[in-house]
Amino acid sequence: MTGAQTELDALKADWELCKVQDDQKHSLISGLLACIEDLSDKLSEVKSELRDKKDVVKLARKEAEEAEKQIQALKLEKARHAFASVIIDGDCMPFKDELVTQGLDGGKRAAHLLKLAVNEELQSWIPATAPHLRVVIRVYANVKGLAKTYKEMEVLSEPVFNEFIRGFNMGNASCDYIDAGDGKECSDKKVEATVQLHLPDTHCQQILFGGTADNGYARLLGPYAEDEEIRGRITLLEGPPFAYELADIKDKFHTASFKNVFRSGKLLNSKRRVSFLANPSAIPSGGYASAVAKSLISKPPSATQQGSTTSRAVIPTQLLRNNLGQRVDAPLTYLQKDFIILKNRKLCNHFHLLGKCPFLETNGKCQHYHGERVSISQAAALRAVARQSPCQRRLNCSDPDCIFGHRCTRDNCVPGDCKFHSTMHHTNTEIVS
């Protein structure tokens with residue numbers, strides 16, 4: 001019995017072992033099935049996300065294709081409306097005399113030559129864009145003043161000049177010669193307004209600016225000299241030499257010269273002078289000129305001084321004032337051509353007029369040219385140039401060496417639109433002391 005019981009116990013033990021092993025197998029299989037089910041769910045989620053992403057990618061690709069089509073359409077539309085703006089100040093950049101004197105035919109020919117020169121210039125350095133560009137040309141000028149200058153220079157009569165303008169406007173539908181009015185800065189304001197209108201215009205690919213003989217435009221162009229993107233869209237046209245303030249920045253811009261279209265020099269009328277001490281003995285007693293004459297001839301120069309006046313400027317040493325005690329500038333005699341030449345040079349006015357330079361004495365250097373001082377025959381013209389800058393002390397100035405202007409001398413000047421203070425306009429010039 002004992003042997004049978006032992007065997008039975010052994011069988012029970014084996015059975016229990018088998019049951020444990022079956023439980024382990026069941027647990028393992030159950031775990032595997034649960035894992036498979038979990039992975040299957042995750043796979044379904046991934047497949048769903050993948051389908052969504054494919055849809056998103058497909059939609060994004062479609063939108064990108066649509067955007068590219070729109071971009072291309074906009075580029076084509078921009079190309080169709082692209083233009084180059086040619087803006088000319090006709091007062092300081094006149095057309096060649098041989099064109100102007102031909103009247104109607106000369107105007108038509110000037111418009112044709114200018115349009116041709118502009119197209120060639122554009123194609124020479126932006127050929128990919130140039131064929132699509134329309135060229136719009138605007139010339140602003142004081143027509144009345146120019147006609148008067150041409151007449152005084154005996155170049156042509158006013159009717160012929162008017163015919164030239166008519167021919168220019170007829171020569172090409174995109175060419176306009178516009179009378180800006182007979183104010184001193186009417187043309188300047190029209191030119192500046194047109195530049196500021198076209199420069200932000202995305203359709204305007206290039207501005208060809210013709211007014212570089214006028215220092216006033218340095219304020220317009222100067223801020224763009226350091227902006228590589230903007231200055232790349234501006235071409236400076238040279239006719240007469242660059243004004244000295246613009247000459248300093250011209251190398252930062254693209255430049256061009258249309259020598260068969262514009263004069264290489266300004267219109268100069270050597271007959272025009274401002275009367276002053278042409279013959280001191282002939283000056284009537286009393287008044288403005290007399291007081292100035294006395295102040296200049298009261299102290300005859302010594303022999304040594306006389307020997308050096310050929311290369312030295314002589315300046316008044318007596319302050320002139322009106323009945324209100326306001327500073328009055330002495331009138332000056334000079335040739336207009338000397339005024340233009342000296343205005344376009346970067347001279348140190350203090351040095352050439354006074355023989356000393358405050359910038360050199362204070363800072364050890366001066367940005368303007370010294371060299372040999374101007375002759376006495378040019379000193380008056382240089383003084384007129386210096387007087388274009390207003391004195392900061394205005395009419396109360398008591399400095400006998402002051403070279404700046406104390407009164408605006410421009411005709412038809414509107415106070416407020418001028419760098420001279422409103423009190424420095426239309427002042428009494430009758431000398432009392």
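Before I come to the annotated domain, let me say that UniProt positions are quoted here in the numbering of this chain, that feature names are shortened, and that such annotations may be inferred rather than shown by experiment. With that in mind, the unreviewed UniProt entry carries the annotation "domain: C3H1-type" over residues 342-373. In the model, which is a predicted one, that span is 44% helix and 0% strand, and the C-alpha atoms at the ends of residues 342-373 lie 12 Å apart.

Let me turn now to a pair of helices, H4, which runs over residues 143-152, and H5, which runs over residues 158-171; their axes come within 9 Å and cross at roughly 130 degrees. Because angles over 145 degrees would count as roughly antiparallel and 65 to 115 as roughly perpendicular, H4 is described as oblique to H5. The crossing of H4 with H5 is right-handed. On the H4 side the contact is made by Val 143, Leu 146, Ala 147 and Tyr 150, while H5 contributes Glu 158, Phe 161, Asn 162 and Ile 165. Sorted by character, the residues of this contact between H4 and H5 comprise six nonpolar, one polar and one charged.

Finally, the salt bridges, of which a search of the whole structure finds twelve. One of them joins Arg 138 to Asp 176, with the closest N and O atoms 2.9 Å apart. Since Arg 138 sits in strand S2, residues 134-141, and Asp 176 in strand S3, residues 175-179, this pair ties together parts that are 38 residues apart in sequence.

Conventions:
Residues numbered from 1 in each chain as written. Predicted model: local features only at pLDDT ≥ 70, side-chain atom pairs only at ≥ 80, totals over all residues. Heavy atoms only, no water. Axes fitted to C-alpha atoms, helices over the stretch in contact; angles between N-to-C directions. Helix = DSSP H or I, 4+ residues; strand = E, 2+ residues; numbered from the N terminus. Parallel < 35°, antiparallel > 145°, perpendicular 65-115°, else oblique. Left-handed = near helix turned anticlockwise from the far one by under 90°. Contact = heavy atoms within 4.5 Å. Nonpolar A, V, L, I, M, F, W, Y, C, P; charged D, E, K, R; others polar. Salt bridge = Lys/Arg side-chain N within 4 Å of Asp/Glu carboxyl O.
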